[in-house]
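Me: Hi! I have just opened this one and would love a friendly walk through it. Can we take it piece by piece?

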Amino acid sequence: MWRTGRVLSVRLAGRGAARLCSGSTLKPPSSSSRPQAEKQRRRRKQEEAILSSQHSPAEDKAVKWNEKQKIEYTALTAPGTKKDTSLLFPASYSPEYVESCWYQWWEREGFFRPEQHERLPHAVDRTFSLCIPPPNVTGSLHLGHALTVAVEDALVRWRRMQGYRVLWVPGCDHAGIATQTVVERRLLRERGKRRQDFTRQEFLREVWKWKNETGDEIYQQLRRLGASLDWSRACFTMDPALSRAVTEAFVRLCDSGLIYRSEALVNWSCALESVISDIEVDSKELSGPTMLSVPGYENKVEFGTMFTFAYAVEGHDGEVAVSTTRPETMLGDVAVAVHPDDPRYQAVHGKQCRHPFTNRLLPIITDPMVDMELGTGAVKVTPAHDHTDFLLSQRHSLPRLTVIGGDGTMTPPCGQWLEGVKRFDARQLVVDALLEKKLFRGKMNHAMTLPVCSRSGDIIEPLLKKQWFVNCDEMAKKAIQAVEDGQLEIIPHYYSKTWKNWLSNISDWCISRQLWWGHQIPAYQVELPNSTDKQEEQWVWGQSEDEARQRAAVKYGVKPEAITLTQDPDVLDTWFSSALFPFAMLGWPEQTTDLQRFYPNSILETGSDLIFFWVARMVMLGTELTGQLPFKQVLLHSMVRDKHGRKMSKSLGNVIDPLDVIHGVSLERLQEKVKEGNIDPRERLVAMEAQRKDFPKGIPPCGTDALRFALCSHKMEGEDISLSISQVLSCRHFCNKMWQTLRFTLGVLGDNTTPVGTLEEMIAVGSMERWICSRLYSTVVQCERAFEAYELHTVTSALYSFWVHSLCDVYMEYAKPVLVVQTDTEHSVRARQVASSVLYHCVSVSLALLSPFMPFITEELWQRLQPFSPGAAAQTTLCLQPYPCSSQLAHWHFPEEERDFLLVQEVIRVARSLRAQCGMTKERPAMWAVCSPSQAQVLLHFGSAVWTLSRIVSLHIYCPQRADSSVHSTPPPKGSLVAVVDHTCQLHLHIHSGVDVDKLILQLSQRRDKLVPKLEKILCRLQSPGYLSKVPAHVRQQMDTKMSALQQELKTIEDQLKVLQETQTTE
């Protein structure tokens, strides 16, 4: 960890000093520093863009919204009772109104419990189970959690509606370090007491008191997000049942030799006086000298500086110049290593350097791992404070001298002048002493990566400690094999390579933590009669102290009562209990009904950043302890970033609370939250400026449904998700679109005296009915395929496209004259009945399709639609209705209608554009279509839709290719304006008085000026050498078609300009 910040040089008599950066003894520093430097460069660029006073594209996309009227549900509804949907339908969508009451009713009725499965008429004998990645009890949800919930809940609700027996278990992690830190701060703030002022049991009572007061907040946030979890099975990792599972796991792994105790270098936080995991270490990039606040120090400490001092070579005319960012650790140097074949150092093999303060001799050792090409080819060895040096010390039996204690002060071996001095205070004392001895050789600026404890802000110290470790080698091999054999599928599949690479180089896992809050390690140090202090540690383990005593008696052949046991005061790493969650939540080690029915879990869905810290450990421990993989599939979603591309982090102040997106929040409150956080002053400045630019009016209330739909609309596989509030706001607009569609539908159905026919009875007769029904069928097919492939963005895209572009923009606009105009002829009544039935089923099926993503609004609208249902619903709630399937709608599949309507839509688009060009926004002119016979048949088939949606009085069709065609009519009048649909279809509109000819000429000239360069570019490519031989045939065909279309459109424009200029002359 620290080796990237240390440079060493050797200076012998008659030679100039050379420097070696010992970021690694095996490879040049550039291989590891380049990504860090690039990351730092990108971050600086992002910060500069935010702080820049110049106008940026990000500001263009700032959230723009108008305050909407807030409508609230005010009916007196007892908690847990069904919402009254017979009340007057509000005029506009309001998430506050829609999202009230439903969740309490769902939960009270037990709709989310697997026991509900037995009562489903469409139940299938299949199971779908998973656990939620348990959030920390200390925290509050952020958008990363919201993405997890949105994705998992969509899958869970989909499977439940399909008739599966579904179990989704909520859980909460006790978060050892974070929770203990929060409670310690609270006690200091409220009572002026530190943890050490309490006994362990007294302190733990305070933690449980805090947990019982505040620990339910996470669960309430999950409910607010609409997560359909089975709350009756909620798990907390410190619950008695899970604590028993943790003890059982530890004992079994110890018995099998997979857990052992050893001395090794660990990540140590001096502020916490505990080991911390890799995931709790943040890397802080420093470009040079930087003053930082460190816990326990009144003044800031300087980092990013390289100090150089000299060692004298004993019995040799020379010295060794050593450069380091941490001169205080020089008291722990025990050797200098060189490559055995390096000719420069043959003369000093076996020689020694003299330590200036301890007078200790440091041997010069040889090792083939030293890179001769790197700098001077010599490496300074500090085994007790450097991971690579520790490995060297194992091979060469070097001593390991700890010079910094667990509390961050210098140890006795440093001498009385340093003993008890804080490590960073000792730094200057060491430099001053080197100056006094004339061994100091200067200092220089140095870019470095500083490891920082994410929990305390302390600088991480690699320390040598005796800890408990899990041997991961064999378990890792099994985890790799499971993926290679196809037993475990990782989605996206490209993570399989990452999985193998990481597990192939895995280190043993340190599971000890020096805390009071957590699962105390069920291991006991044994003191036998007549034992001495100098004896090696002796340990036993057991489910209880009594069991451990019996084990010790058998192991050491003494009577149980003669043994003294002392339980290890340390607790287990929080990730250890989290790794057991998929089976411990189901009652393991007991063979419960839940364990037999729901284990292995069907899937694990989580963020890609947890693939090693959590997923790999679950797979390893699950396979070892249960004999089965804990789940069959792993679905990894990308990381959520802010709109500037920065990772959302508390330390950057850019975390967005999903509840702020749901309920809305002012800019002032957002800024207050940043000020309340423990953030670096520069980061605070950047964060607040970003907020001012992104949310000048704050964040509007978007609602849960809009947030969930926006999150699921991003592709999970691939790049990270840069979510902007503007995207969520557009999803709120979609909610309003749905609301207004239902408002119109209910108005139509309310006026309809004939009941709606069932889905099975519905036979689409008219061309437009056949088209919209077939579009719905195709949408259902898309949803089926995409859900099975976990491509939720494809599902949301298909549903949005159908509702907005097919149902609202086309079918409803076409059907409005039929549905709204009240005429009593037999034909109009029948047409109205058909259209209203088709509209009802399109809306009803679409609501069911959308339900997994938008549970609140779909439930509200579906319930209001029920009075018009052709039959009694299978369930009282939409979330237990059968999910629409393509086989149910097969009689609605008309692929030729969908294909043909593509031409119709293009004709309508061009017709509207032509009317707008001529300023005919209110008039309904006649038009002519000059087209091929096959196109003519399509336009005739959809004739009424073309007239209605193009807003024209009639469409005359002319086929110049077949004069005898049944669709033949007179050609368009001369002097008509022409618009191109495609290379075989044109629309003609006769010019009449009142048209702004000059404006039309200008528009056509501008259009021509855009098309000419495009055509020239294509012609240039077509004439390039080797075009025919190098370009594939299908690409050449596409280019030819594109060229023909451009030429045709340019010819049409020239003809139109000619007509308009003649008209101008005439006038």
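**Walking through the model**

Reply: Happy to, and let's begin with one helix: α26 is mostly covered, with 20 of its 25 residues buried. Keep in mind that this is a predicted model.

Me: Where does α26 sit, and how far apart are its end C-alpha atoms?

Reply: Helix α26 covers residues 826-850, and its end C-alpha atoms are 36 Å apart. That agrees with expectation, because 25 residues at 1.5 Å a residue should span 36 Å.

Me: Let me zoom out. How many helices and strands are there in the protein chain?

Reply: The protein chain has 33 helices and 35 strands. Its C-alpha trace spans about 115 × 70 × 55 Å along the principal axes.

Me: And what share of the residues is buried?

Reply: Of the 1067 residues in the protein chain, 55% are buried. The accessible surface comes to about 47100 Å², and carbon and sulfur atoms account for 50% of that.

Me: Which domains is the chain divided into?

Reply: The division gives domain 1 (278-463), domain 2 (524-567), domain 3 (721-893), domain 4 (898-990) and domain 5 (997-1064). Taken over C-alpha atoms, the centres of domain 1 and domain 3 are separated by 70 Å.

Me: What about contacts, how much comes from residues 24 or more positions apart?

Reply: Among contacts in the protein chain with a separation of 6 or more, 77% are between residues 24 or more positions apart.

Me: Can you show me the surroundings of one residue? What does Val674 touch?

Reply: Val674 lies in helix α20, residues 667-676. Leaving aside neighbours within four places in sequence, Val674 is in contact with Gly653, Ile679, Arg684, Ala687, Met688 and Gln691. Asn654 is 20 residues from Val674 in sequence, and their C-alpha atoms are 8.1 Å apart in space.

Me: Is Val674 buried or exposed?

Reply: Val674 counts as buried because its relative accessible area is 4%, and buried means under 20%.

Me: New topic: salt bridges. How many does a search of the whole structure find?

Reply: The search finds 51 salt bridges. One of them joins Arg770 and Glu897, at 2.8 Å from N to O. Arg770 lies in helix α24 and Glu897 in helix α28 (residues 895-917), so this pair ties together parts that are 127 residues apart in sequence. Both Arg770 and Glu897 are buried.

Me: Which residues are joined into one network by salt bridges that share partners?

Reply: Arg113, Glu115, Asp230, Arg233 and Asp594 are joined that way. Within that group, Asp230 forms a salt bridge with Arg233, and their closest N and O atoms are 2.4 Å apart. Asp230 and Arg233 are both buried.

Me: I also spotted Glu206. What does Glu206 form a salt bridge with?

Reply: Its partner is Arg191, with the closest N and O atoms 2.8 Å apart. Glu206 is in helix α7 (residues 200-214) and Arg191 is in helix α6 (residues 176-191), 15 residues apart. Glu206 is buried, with a relative accessible area of 16%, whereas Arg191 is partly exposed, at 40%.

Me: What about the backbone, anything unusual there?

Reply: Most residues other than glycine have a negative phi, and most peptide bonds are trans. Here, the peptide bond from Trp588 to Pro589 is cis, with omega near 15°. Pro589 lies in the loop between α16 (581-584) and α17 (593-598). The peptide bond from Tyr599 to Pro600 is also cis, with omega near 0°, and Pro600 is in the loop between α17 and β28 (601-607).

Me: And which residues other than glycine have a positive phi?

Reply: Asn359 is one of them, with a phi of about 65°; Asn359 is in the loop between β15 (352-354) and β16 (361-366). Tyr790 is another, with phi near 60°. Tyr790 lies in the loop between α24 (767-788) and α25 (792-820), and Tyr790 is buried, with a relative accessible area of 7%.

Me: Last thing: what is the mean pLDDT of the protein chain?

Reply: The mean pLDDT is 87, and 91% of the residues reach 70 or more. Over residues 1-34, however, pLDDT stays under 50, although the model has 110 contacts beyond four places in sequence for them. Residues 55-61 also stay under 50, with seven such contacts. Where pLDDT is low, the predicted coordinates should not be read in detail.

Definitions and conventions:
Residues numbered from 1 in each chain as written. Predicted model: local features only at pLDDT ≥ 70, side-chain atom pairs only at ≥ 80, totals over all residues. Heavy atoms only, no water. Helix = DSSP H or I, 4+ residues; strand = E, 2+ residues; numbered from the N terminus. Expected span 1.5 Å × (residues − 1). Buried < 20%, exposed > 50% of the residue type's maximum accessible area, 1.4 Å probe, protein only. Domains from an automatic or database assignment. Contact = heavy atoms within 4.5 Å. pLDDT = per-residue confidence, 0-100. Areas by Shrake-Rupley, 256 points an atom, 1.4 Å probe, with all protein chains shown as cover. Salt bridge = Lys/Arg side-chain N within 4 Å of Asp/Glu carboxyl O.
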